[in-house]
Amino acid sequence: MDQSNLTVDNSHDANITGTVSYVDGSTVNNSDITVHENLNGKDLATSKLDSSAASGKLNLNIPSADLTQTTNTLKVYVEDADGNVSTTSTVVITKKGSLSLKVDDYSFGTINQATASMLIPRKGDWNIVVNDGRENGTTNPWHLSATTSGLYNGDTAFNGNLVFKNSSGSEQSLTGSTGVNIANGYKSADGNQVTNVGKSWNDSDGILLKTTGFNSAGQYTGKMNWVLSESI
């Protein structure tokens with residue numbers, strides 16, 4: 001690889017180059033070379049070297065949308081038609097002026113008996129932290145949305161939904177495939193600007209658990225899907 005470390009702007013793709021060669025000097029046939037990439041622990045689709053490029057020339061493009069971390073690790077190796085495999089090269093891609101999100105595991109309060117329709121409050125503090133490290137003067141807002149596939153106790157689904165209740169009292173279900181916007185923000189300070197979304201909620205708003213029927217006793221768990229994005 002021509003780079004081992006690369007820094008890109010927040011909205012820019014990462015363009016990475018390198019050279020594939022045999023130790024004995026044999027000619028590299030680009031159409032015979034398969035490129036294997038792994039980004040942040042996830043295997044990407046394989047590709048071939050560009051047949052119109054110079055022999056052994058490696059050109060990779062990592063879309064900005066795939067660079068989901070402030071510091072991203074790309075691992076690359078190549079394989080020829082005979083099964084010969086290269087060593088693995090690592091490139092660290094840092095996003096300059098990026099947005100990042102940190103969340104932990106959270107829970108709702110323990111209840112002894114629930115009615116068919118009631119709101120169960122959060123347990124403890126929910127620190128949902130947005131770090132806005134974008135360039136000073138950025139005017140595009142950030143948006144944080146969330147979805148969930150529900151809560152389960154083994155194979156038993158919880159009769160209810162996680163909901164987002166705003167300060168005006170309006171409720172939206174987080175269960176489903178369509179993200180519900182729960183927070184927005186602007187870059188208003190120099191350097192890294194930290195917003196703890198959960199700190200702005202009180203006991204009667206924010207993300208809550210709403211029952212829609214009676215439930216069997218037990219501990220119900222699930223996963224939350226968060227999307228932090230920038231848009232005009």
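**Strand β17 and the salt bridges**

Three bridges join β17 to strand β18 (residues 171–173), and the two strands run antiparallel. This is a predicted model. Within the pairing, Val 163 has Ser 173 of β18 as its bridge partner. Five residues lie between the strands of this hairpin. One of the hairpin's residues, Gly 169, takes a positive phi near 95 degrees.

Strand β17 also pairs with β21. Six bridges join these two, again in antiparallel fashion. Here Lys 165 stands opposite Gly 206 of β21. How covered is β17, which spans residues 160–165? Mostly: five of its six residues are buried.

Now turn to the charged side chains. A search of the whole structure finds five salt bridges. Three of them are followed here, beginning with the pair of Lys 57 and Asp 2.

The closest N and O atoms of Lys 57 and Asp 2 are 3.9 Å apart. Lys 57 lies in strand β6 (residues 57–62), while Asp 2 sits in the segment before β1 (5–9), so the salt bridge ties together parts that are 55 residues apart in sequence. Are these two residues buried, partly exposed or exposed? Lys 57 has a relative accessibility of 30%, so it counts as partly exposed. Asp 2 is partly exposed too, because its relative accessibility is 48%. The upper limit for that class is 50%.

The next pair is Lys 199 and Asp 125. Their salt bridge has its closest N and O atoms 3.7 Å apart. What does this pair tie together? Lys 199 lies in the loop between β20 (193–196) and β21 (206–211), and Asp 125 in the loop between β12 (122–123) and β13 (129–132), so the contact links parts that are 74 residues apart in sequence. The strand that follows the Lys 199 loop is thus β21, the antiparallel partner of β17. Lys 199 has a relative accessible area of 53%, so it is exposed. Asp 125 also counts as exposed, because its relative accessibility is 56%.

The last salt bridge joins the side chains of Asp 132 and Arg 134, at 2.8 Å from N to O. Are its two residues buried or exposed? Asp 132 is buried, and so is Arg 134. Which residues make up the network around this pair? Salt bridges with shared partners connect Asp 132, Arg 134 and Glu 230 into one network.

Notes:
Residues are numbered from 1 along each chain as its sequence is written. This is a predicted model: local features need pLDDT of at least 70, side-chain atom pairs count only at pLDDT 80 or more; totals for chains, interfaces and linings use all residues. Side-chain values use heavy atoms; hydrogens and water are left out. A salt bridge is a side-chain nitrogen of Lys or Arg within 4 Å of a carboxyl oxygen of Asp or Glu. Helices (H or I, at least four residues) and strands (E, at least two) are DSSP runs, numbered from the N terminus. Buried means under 20% relative accessible area, exposed over 50%, partly exposed in between (1.4 Å probe, protein chains only). Two strands pair if DSSP finds at least two bridges between them.
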